[in-house]
Each structure stands twice: as C-alpha cells, then as structure tokens.
Amino acid sequence: MKNYEAKMHNTHKIGGLLIAFALVACNSKPEVVEPTLETECPQVASVKTKIVDSDLSGANEDTITISVIGTLMPGDRGLLDVTTKLIDQATLRDRPKVRINIDSNGGALAQGLALRDAVKYYGEDHISILCTTDASSAASFLFATAARRYALPSCGMITHAVSVAHDANVKPDLNMQRDFLKKENMGTQQIRDIYRASLGLTEGCAMFLTRRSDTDLTAYDALKLGFFDAVLEPNGKMT
C-alpha cells in the first residue's frame, strides 16, 4: 500500500511538472529575429571588391562644376540655380560635361526628385557625381541616376521612409493623419521604385532601405548596393 501511494505521489509530481512546463511553453514568446542590412541585402556581405587604378576624369576648363551642399529645402535659391543651369545647358548642341559634388543630408522629397529630373533631362552620360561627405535621404536619389558615380571613403549615406513634415503646434485630426499617411506611403513607394529600377535591388532590400527607421550605409555598403561605381582611394586608386 505504501509503495502504491508513493508511486501515485511521484506520478502526481511528474504530472504537475509537465503541466507547469506546458504552461511556460504556452506563455513563452517566440524569439523575434530583427532584419539586418546583411540579411535583407545579401550583396553587402557577398559582393567582393578590389583596388584598381582610378578612371575618374578630372574637371577641366570645359567642365561645369556644381556643388550641392546642405539640406534640400523648398525655396532654396541655390538648388533652384543648379536645376535651372542644368535645364538651360541641356539644350546646347555641344553641352559641356558636368561634375556635381555633393555634401547633403537630404531634405524634401520634391527637391531631391527635381534635382534628379534635371540630371536626367541634361543627360546622365554627361554628368559625374562625387559624394564628399554625405549623400543621405533625398540626396541619395542622384546616385541612382548619373552614369558615373563616385565617393570618398568618408562618405556616408542614410536611407529611410518618407516623413511628411507638419506644424508641431497644430494637433492633426483624423483626416489630416490619414492624409499624412497617404502622402508618406506614396512617397516611400516612389523611392522604393527608384532604388529597384535604377540599382537592381530586390523588393526585400528596397523595402529595408525605405523602412521608417534609419539605415546607415558606409561608402563601401553603398558601393556594393550599386549607389556608387567606385570609392576613391589614396594614390589615384579606387575600390
């Protein structure tokens, strides 16, 4: 009788442990694996690079040199002058070569697209672009455009989804919120399409680059993704 009671006690004990284990298993959440640049854009890890002699053609007396510096904002007179000069020069029979130096943290979607349109109108084959320090957000569109695209090793790039700016002192109502969201989704899809069509990125990679949180790219990350043709190195070399 004692042995039977002991067996029953042990059975109840084991059963209780199994029930407790089952409850813990049911309550435990599956581990969430956060996507990374390497998982969503595998070429960043797989593409091999090498050092070669530079093929960057320097500016000469027949070359128009343009600098795009700072935030691309509506009403920016300097940016308007750049786009206007490209459009006006595009109609010349023997239009000169153009070199655009960029150090911009991006800015307004419309201004970035306008500058990209002006480059395309002028003729992508006639333009080379160099990122000196920064080519983020809306400034990155240009590097999905021109035929010759270069960067210094220190150049960085940030990509993200479109965010519609609004007056912080005005609390948006439901209709305004929906309008903001619609504009953001449309703008983000537009950027995503540019990245996919011009750089040949997969949908997953383009979506990762246009997520709401920032994606920081080094010059070499951007090179492997196709934003740059080469990264300039010391002594007339390039990666």
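This short presentation describes the disulfides of one protein, together with one buried residue and some overall values.

Good morning. Please keep in mind throughout that the structure before you is a predicted model.

I shall begin with the protein as a whole. The chain has 239 residues, and buried residues make up 37% of them. Its secondary structure consists of eight helices and nine strands. The accessible surface comes to about 14,400 Å², and carbon and sulfur atoms account for 56% of that surface. Let us also consider contacts between residues at least 6 apart in sequence: of these, 70% join residues at least 24 apart.

I now turn to the disulfides. How many disulfides does the structure hold? There are two. If we count the bonded cysteines along the chain, the pattern of pairing is 1-4, 2-3.

One of the two disulfides joins C41 to C205, with an S to S distance of 2.0 Å. What does this pair tie together? C41 is located in the loop between α2 (37-40) and α3 (43-46), while C205 belongs to helix α7 (residues 203-209), so the disulfide links parts of the chain that are 164 residues apart in sequence. The angle about the S-S bond is 100°, and the link of C41 and C205 is right-handed. Are these cysteines buried or exposed? Both C41 and C205 are buried.

The other pair is C131 and C155, whose sulfur atoms are 2.0 Å apart. Here, C131 sits in strand β4 (residues 127-135) and C155 in the loop between β5 (148-151) and β6 (156-159), so the parts tied together are 24 residues apart in sequence. Why is this disulfide called right-handed? The torsion about the S-S bond of C131 and C155 is about 85°, and therefore the disulfide is right-handed. C131 is buried, as is C155.

Finally, I would like to direct your attention to L142. Where is this residue found? L142 lies in the loop between β4 and β5. Its relative accessibility is 2%; because buried means under 20%, L142 counts as buried. Which residues does L142 touch, leaving aside those up to four places away in sequence? The residues are I102, L115, R116, V119 and I129. In addition, L142 and D117 are 25 residues apart along the chain, and their C-alpha atoms are separated by 9.1 Å.

To conclude, the protein holds two disulfides, one joining C41 to C205 and one formed by C131 and C155. Thank you for your attention.

Note on methods. Residues are numbered from 1 along each chain as its sequence is written. This is a predicted model: local features need pLDDT of at least 70, side-chain atom pairs count only at pLDDT 80 or more; totals for chains, interfaces and linings use all residues. Side-chain values use heavy atoms; hydrogens and water are left out. A disulfide is a pair of cysteine sulfur atoms within 2.5 Å. Helices (H or I, at least four residues) and strands (E, at least two) are DSSP runs, numbered from the N terminus. Buried means under 20% relative accessible area, exposed over 50%, partly exposed in between (1.4 Å probe, protein chains only). Contact means heavy atoms within 4.5 Å. Accessible areas come from the Shrake-Rupley method with a 1.4 Å probe; for residues, only the protein chains shown count as cover.
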